[in-house]
Amino acid sequence: MKIHNVRFRDKIQIIIVLMLTISISICGTWLIGKSFTSAKTQRIDAAQNAQRMAMYTLISTTSDNQWNNNKLSGTLRLLERQVGQRFKLTDEDGNVIYQKQYNDQSFKDGMIEKVSDNKMAWRIQINSLGNHEIQTASAINNGEKLYYLESIYPIENVYKSRDYMISSFMGITLVIIAMGIFIARKVSYWITGSLTRLAETAR
């Protein structure tokens, strides 16, 4: 009888620990994923809004239809200091009007082809330093010439925050599992003890 009790007790402990581990893992993964998705969506919206603001600023500063390259470059240089983004401006012939050089070589090819007069394109990419960022591109038509404005919006802190949450969750999970093992042991002893007393009484 004792051998059967020991086996039954071990099974109860394993079941309790497994149920606890699975429940915590599912809930934690869902919460982390939802938080990460929400933060990333907010940054994507912010990058697109910043792109629109830059477009409107360029259009407003050239309302006299004098699309002077120096004037456009000066406007983008000022915007970079104000909003902390990086900008690149090219014309329809592929001539680069403005681009400040950085070590991570953030701007990548292939975005302009996805842009139309009324459509903005964006993608999340990893630069040469291993940091995540959003590259956004849009077209500006002044009636005479087509310009392409690209921008880089950093979102590495969103991914670092997710990694921190995962590592913290793993540590908390280990503590909870350790406590769960202790509680499962007490519960299994209580259940098997009660069953043993019932069996002995039945005899």
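Contact here means heavy atoms within 4.5 Å, and all views are taken from a predicted model.

**View 1. Helix 2 lies across three strands of the sheet.** The helix covers residues 69–83 and lies across strand 1, strand 2 and strand 5 (146–154). Relative to strand 1, helix 2 runs at about 160 degrees.

**View 2. Five strands form an open sheet.** The strand order is 2-1-5-4-3, and the pairing is antiparallel. Strand 2 (96–99) and strand 3 (121–126) stand at the edges; each has a single partner strand, so one side of each is left without a neighbour in the sheet. On average, neighbouring strands are turned by 15 degrees against each other, direction ignored. Strands of a sheet pair through backbone hydrogen bonds, either parallel or antiparallel.

**View 3. Strand 1 pairs with the edge strand 2.** Strand 1 spans residues 86–91, and its antiparallel pairing with strand 2 extends over 3 bridges. K88 has Q99 of strand 2 as its bridge partner.

**View 4. Strand 3 and strand 4 form a hairpin.** The two strands run antiparallel and are joined by 6 bridges. I124 has I134 of strand 4 as its bridge partner. Between the strands there are 5 residues, and G130 in this hairpin takes a positive phi near 85 degrees. How many residues of strand 4 are buried? Of its 10 residues, 9 are buried, so strand 4 is largely enclosed by the rest of the structure; the cut-off for buried is under 20% relative accessible area.

**View 5. Strand 4 and strand 5 form a second hairpin view.** Here 9 bridges join the antiparallel strands. N141 is bridged to L146 of strand 5. This hairpin has 4 residues between the strands, and G143 takes a positive phi near 95 degrees.

**View 6. K145 forms salt bridges with D91 and with D93.** For K145 and D91, the closest N and O atoms are 3.3 Å apart. K145 lies in the loop between strand 4 (132–141) and strand 5, whereas D91 lies in strand 1, so the pair ties together parts that are 54 residues apart in sequence. For K145 and D93, the closest N and O atoms are 4.0 Å apart. D93 lies in the loop between strand 1 and strand 2, so its pair with K145 ties together parts that are 52 residues apart in sequence. Which of the three residues are buried, and which are exposed? D91 is buried, with a relative accessible area of 5%, while K145 is partly exposed at 25% and D93 is exposed at 56%.

**View 7. R162 and D163 meet in a salt bridge.** The N to O distance between their side chains is 3.6 Å. D163 is partly exposed, at 42% relative accessibility, and R162 is partly exposed as well, at 26%. Elsewhere, salt bridges that share partners join D91, D93 and K145 into one network. The whole structure has 3 salt bridges.

**View 8. A nonpolar patch lies on the surface.** The patch is formed by I14, L18, I22 and I26, which together have about 400 Å² of accessible area. I14 is located in helix 1, which spans residues 2–61. With a relative accessible area of 51%, I14 is exposed, the cut-off for exposed being over 50%.

Conventions. Residues are numbered from 1 along each chain as its sequence is written. This is a predicted model: local features need pLDDT of at least 70, side-chain atom pairs count only at pLDDT 80 or more; totals for chains, interfaces and linings use all residues. Side-chain values use heavy atoms; hydrogens and water are left out. Patches are made of residues with over 30% relative accessible area and no salt bridge: like charges are joined within 9 Å, nonpolar side chains (Val, Leu, Ile, Met, Phe, Trp, Tyr) within 5 Å. Accessible areas come from the Shrake-Rupley method with a 1.4 Å probe; for residues, only the protein chains shown count as cover. Buried means under 20% relative accessible area, exposed over 50%, partly exposed in between (1.4 Å probe, protein chains only). Two strands pair if DSSP finds at least two bridges between them. Axes are lines fitted to C-alpha atoms, for helices over the stretch in contact, and angles run from 0 to 180 degrees between N-to-C directions.
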